Amino acid sequence: MRRLALVTLVVHDYDEAIRFYTEALGFHLVEDAPRPDGSRWVVVEPGDGLGTGLLLARGKDAGQRARVGDQTGGRVGFFLHTDDFARDHARMTAAGVTFLEEPRHEPYGTVAVFQDLYGNRWDLLQPAGH
């Protein structure tokens, strides 16, 4: 095994999720293909394509829809690395991304928690030494 390729993120709507991840976070839309059951195979990923992508999956039933925005029980569940924290923080803020705290400097790097459009918590993180 060489890498974790995809992580599923349950969403309410494909198109609003694509807009948020591509426009507000700067991800790339890798694939958007219809499936026979009426769903879509939607993959977005940050950066150069060498990391893990997100499979945006619309909730199919009440149980799945209830998990949208709370897939990790309110904890930070996703970690977005950057090589320029100030640049990406400013760009994301200008795009309307909600940061839940001011940037802070920790021994492991510069970090701030933000929410995606559904309330999932993410770290924007520039690791120390980068």
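Is D15 buried, exposed or partly exposed? In this predicted model, D15 has a relative accessible area of 38% and is therefore partly exposed, since that value lies between the limits of 20% and 50% that separate buried from exposed residues. The side chain of D15 takes part in a salt bridge with R40, in which the closest N and O atoms are 2.9 Å apart. Because D15 belongs to helix α1 whereas R40 belongs to strand β3 (residues 40–45), this pair ties together parts that are 25 residues apart in sequence. R40 is likewise partly exposed, with a relative accessible area of 21%. The salt bridges in the model come to eight by count.

Further salt bridges involve helix α3, which spans residues 85–94. The side chains of D83 and R87 meet in one of them, with an N to O distance of 2.8 Å, and the side chains of R87 and D88 meet in another, at 3.0 Å from N to O. Salt bridges that share partners join D83, R87, D88 and R91 into one network. The accessibility of these residues varies along the network: D83 is exposed, with a relative accessible area of 57%, R87 is partly exposed at 43%, and D88 is buried at 12%.

D88 is also one of the buried residues of α3, which are listed as F85, D88, H89 and M92. Seen down the axis of α3, these buried residues fall within an arc of 100 degrees, so they line one face of the helix. Such an arrangement can be read against the geometry of an α-helix, which has 3.6 residues a turn, so that residues three or four places apart point the same way. The buried residues of α3 are covered by elements that include α1, β6 (98–99), β8 (109–115) and β9 (121–127). On the face of α3 turned away from this buried side, the exposed residues A86 and A94 are found. A94, which is placed in helix α3, counts as exposed because its relative accessibility reaches 73%, over the 50% limit. The C-alpha atom of A94 is separated by 8.5 Å from that of A24, although the two residues are 70 apart along the chain. Just after α3, G96 takes a positive phi of about 95 degrees.

A second glycine, G26, lies in the loop between α1 (14–24) and β2 (28–34). G26 is partly exposed, with a relative accessible area of 33%. When its neighbours within four places in sequence are left aside, G26 is in contact with Y21 and R91, and R91 is in turn a member of the salt-bridge network that also holds D83, R87 and D88. By comparison, G26 and L50, which are 24 residues apart in sequence, have C-alpha atoms that are 15 Å apart in space.

The largest pocket of the model holds about 560 Å³ of space. Its lining consists of 26 residues, of which F27, P46, G47, L80 and H81 are the closest to the centre of the pocket. Several elements of secondary structure contribute to this lining, and β4 (53–58), β5 (76–81), α3 and β9 each supply at least two residues of it. Strand β5 gives the most, with five residues. In chemical character, the residues of the lining divide into 12 nonpolar, nine polar and five charged. Helix α3 thus appears in two settings, as a contributor to the lining of the largest pocket and as a helix whose buried residues are covered by elements including α1 and β9.

Technical notes:
Residues are numbered from 1 along each chain as its sequence is written. This is a predicted model: local features need pLDDT of at least 70, side-chain atom pairs count only at pLDDT 80 or more; totals for chains, interfaces and linings use all residues. Side-chain values use heavy atoms; hydrogens and water are left out. Helices (H or I, at least four residues) and strands (E, at least two) are DSSP runs, numbered from the N terminus. Buried means under 20% relative accessible area, exposed over 50%, partly exposed in between (1.4 Å probe, protein chains only). Contact means heavy atoms within 4.5 Å. The arc is that of the directions from the helix axis to the C-beta atoms. A salt bridge is a side-chain nitrogen of Lys or Arg within 4 Å of a carboxyl oxygen of Asp or Glu. On a 1 Å grid over the protein atoms alone, a cavity is a set of points where a 1.4 Å probe fits but cannot get out, and a pocket is an open set with protein on both sides within 12 Å along at least five of seven lines; lining residues have an atom within 4 Å of a point. Grid points are joined across faces, edges and corners, and a volume is the space filled by probe spheres set on the points. Ala, Val, Leu, Ile, Met, Phe, Trp, Tyr, Cys and Pro count as nonpolar, Asp, Glu, Lys and Arg as charged, and the others, Gly among them, as polar.
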